[in-house]
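I opened the model to look up one sheet and its strand pairing. My notes follow.

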Amino acid sequence: MQHRKCYAAPAKALARLKAGLTNKFTAIPAARRDPASFINPKNPPPLPPARISTTHTTLMTSRPAQILKGQHLLSIEPLSPQEITPLLDLAETYVVQGRRAYKRQPLLKGRTQINLFFESSTRTQGSFEIAGHRLGADVLNMAANTSSLSKGETVMDTAMTLNAMHPDILVVRHHASGAVELLAQKVGCAVINAGDGQHEHPTQALLDALTIRRNKGRLEGLTIAICGDVLHSRVARSNIILLQKMNARVRVIAPSTLLPSAIGNLGVEVFRDMREGLEGADVVMMLRLQLERMNGAFVPSAREYYRFFGLDEQKLKYAKSDALVMHPGPMNRGVEIDSAVADGVQSVIREQVEMGVALRMAVLDALSRNLPQEQN
């Protein structure tokens, strides 16, 4: 009897549960009592579509097929406005990504990027390294003084050695003009010119254009004054070419000793007086005195140079009141620019550094699209 009592309670509870379910079922209107509306465990309905983060999807799936036509980025000269504009647009998306708490994505996962610098660098090498890491690449930094070059190995032998390791992207800076292009002919990967002698510095010109466009809304029709050591500056050359491609009005301001002899052939306005050259300028781009490239005396003294060609608050007043102040860095304060101007409200020098990371991410992204893809 005790055993029956033990089982009686559950039996009664089960009967009550069945009765309750029956009552609830019969209370449902006939239109909703269709057995087809209930889940059949042997034939379950399809699952609703998964909800995917639209932000992540945009970064990973909305990439256009191609931006840059070439395998390498060695110079601004071969680029068209139809390549420059979408590259700057792509960089804008990486500006947004760079300001998020989580900045990485696996776009270049499995790719190898080697930064090979034969000259000292802080901004360019650092930004390329950060850009590569944020895109998920395996990044290797190599300096000439710690490589086999210090033991007598030639640049071409170094290039062929690195090529045997099958890198995907090689970022190169070299003190000799044309060296990066020559190296690109010896390797099978994409090559980016991070500055070669007095020739070009394409990514610096692109990040400068991005900085200007973000602050002014356009490049076309702006008056941009490039001031200082134009003769030895690869930044000046790349900026002149790019800005003219984008229909900006370019001026160069420098003493005669720091102007190339054929500067007039580049289609720029030439000034030898800061006040005249800055009159009505929308952007003032200062250049560093590159003493390491000078063989001889090109200026009487640093103090004399600053007096006539250094940008201070008085000279800046000749430009437009909302003119941007730029400098590719590193700055020589008190030589080409005054601290009050470099740190003033019109300065976008720090912003240029931020744009450098975003722009170089865009370049790595764009060139990676031209690399051979794995076939599953």
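Which residues point one way from strand E8 (residues 283-286), and which the other way? I find Val283 and Met285 on one side and Val284 and Met286 on the other, and all are buried (under 20% relative accessible area, with exposed over 50% and partly exposed in between, for a 1.4 Å probe and protein chains only).

Provenance, for the record. This is a predicted model, in which local features need pLDDT of at least 70, side-chain atom pairs count only at pLDDT 80 or more, and totals for chains, interfaces and linings use all residues. Residues are numbered from 1 along each chain as its sequence is written, and side-chain values use heavy atoms, without hydrogens and water.

I then looked up the sheet. Five strands (DSSP runs of E, at least two residues, numbered from the N terminus) form an open sheet in the order E7-E6-E5-E8-E9, with parallel pairing. E7 (269-271) and E9 (324-326) are at the edges with a single partner strand each, so one side of each has no neighbour in the sheet. From one strand to the next the twist averages 20° (axes are lines fitted to C-alpha atoms, and angles run from 0 to 180 degrees between N-to-C directions).

Next I went through the pairs (a pair needs at least two bridges found by DSSP).

- E5 (residues 223-227) runs parallel to E8 and is joined to E8 by four bridges; cysteine 227 has methionine 286 of E8 as its bridge partner.
- E8 and E9 are parallel, with three bridges; methionine 285 is opposite methionine 326 in E9.
- E6 (residues 249-253) pairs with E7 in the parallel sense over three bridges; I note arginine 251 opposite glutamate 269 in E7.
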